[in-house]
Amino acid sequence: MVFRNTLINVQVKNNMENYKLVLPEHLNHYGYLFGGNLLKWIDEMGYIAVTLDYPGCNFVTVAMDKIIFRKSIKKGTILCFETVKNREGETSVEYTVNAYKDSIDTGEREMVFTTQITFVCLDRNGNKKKLCKDRTTSQIQDEATDLNQ
């Protein structure tokens, strides 16, 4: 059995863990994980966290802090992405996303990448707006209906 693009989400308080299996299509010509794939996954993990933390809001990525690849990652590696909210502004939210490789032989976890990623909340016209906080379910549904029209 082959699993493709399998992602498991675990939401625990303000932290979230996701897992990703590194497959042959994720590798560069040297046989290691292509850095662009890791950055895409980091962005995706942050987006999932901010979207779950602020239902009904629309977010875009505006910044990623230092990009330093600490360790090489081979095919078959299981990556764990840990996402933690750092700070909340009026229109933006910052998270730390740590990427670890989990050894299937020993169970040990080693950090391979970390960054801070910032998302800004936008209205349907693409303008910054205040974060969606303390809203009722009906308000969230009304805004979602407006966006889909």
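A search of the whole structure, which is a predicted model, finds 1 disulfide, a term applied here to a pair of cysteine sulfur atoms within 2.5 Å. In general, a disulfide is a covalent bond between the sulfur atoms of two cysteines. The bond joins Cys57 to Cys132, with an S to S distance of 1.9 Å. Cys57 is located in the loop between helix H1 (35-53) and strand S3 (58-64), and Cys132 in the loop between strand S6 (109-122) and helix H2 (137-148), so the disulfide ties together parts that are 75 residues apart in sequence. Helices (H or I, at least four residues) and strands (E, at least two) are DSSP runs, numbered from the N terminus. Because the torsion about the S-S bond is about 135°, the disulfide of Cys57 and Cys132 is right-handed.

Accessibility was computed with a 1.4 Å probe on protein chains only; buried means under 20% relative accessible area, exposed over 50%, and partly exposed in between. Cys57 is buried at 6%, and Cys132 is buried at 8%. Cys121 is likewise buried, with a relative accessibility of 0%. The closest cysteine sulfur to that of Cys121 belongs to Cys57, at 3.7 Å, which is too far for a bond. Cys80 is also buried, with a relative accessible area of 0%.

Salt bridges were examined next. Side chains of opposite charge can pair when their charged atoms come close. With a salt bridge taken as a side-chain nitrogen of Lys or Arg within 4 Å of a carboxyl oxygen of Asp or Glu, the structure holds 5 salt bridges. One of them pairs Arg109 with Glu17 (3.7 Å, N to O). This pair links distant parts of the chain, Arg109 being in strand S6 and Glu17 in strand S2 (residues 15-21), 92 residues apart. Arg109 also forms a salt bridge with Asp102, with the closest N and O atoms 2.8 Å apart. Glu17, Asp102 and Arg109 are thus linked in a network of salt bridges. Within this network, Arg109 is partly exposed at 39%, Glu17 is partly exposed at 24%, and Asp102 is buried at 17%.

A further salt bridge brings together Glu110 and Lys71 (3.2 Å, N to O). Glu110 belongs to strand S6 and Lys71 to the loop between S3 and strand S4 (78-88), so this pair ties together parts that are 39 residues apart in sequence. Glu110 is partly exposed at 33%, as is Lys71 at 42%.

Residues are numbered from 1 along each chain as its sequence is written, and side-chain values use heavy atoms, with hydrogens and water left out. In this predicted model, local features need pLDDT of at least 70 and side-chain atom pairs count only at pLDDT 80 or more, whereas totals for chains, interfaces and linings use all residues.
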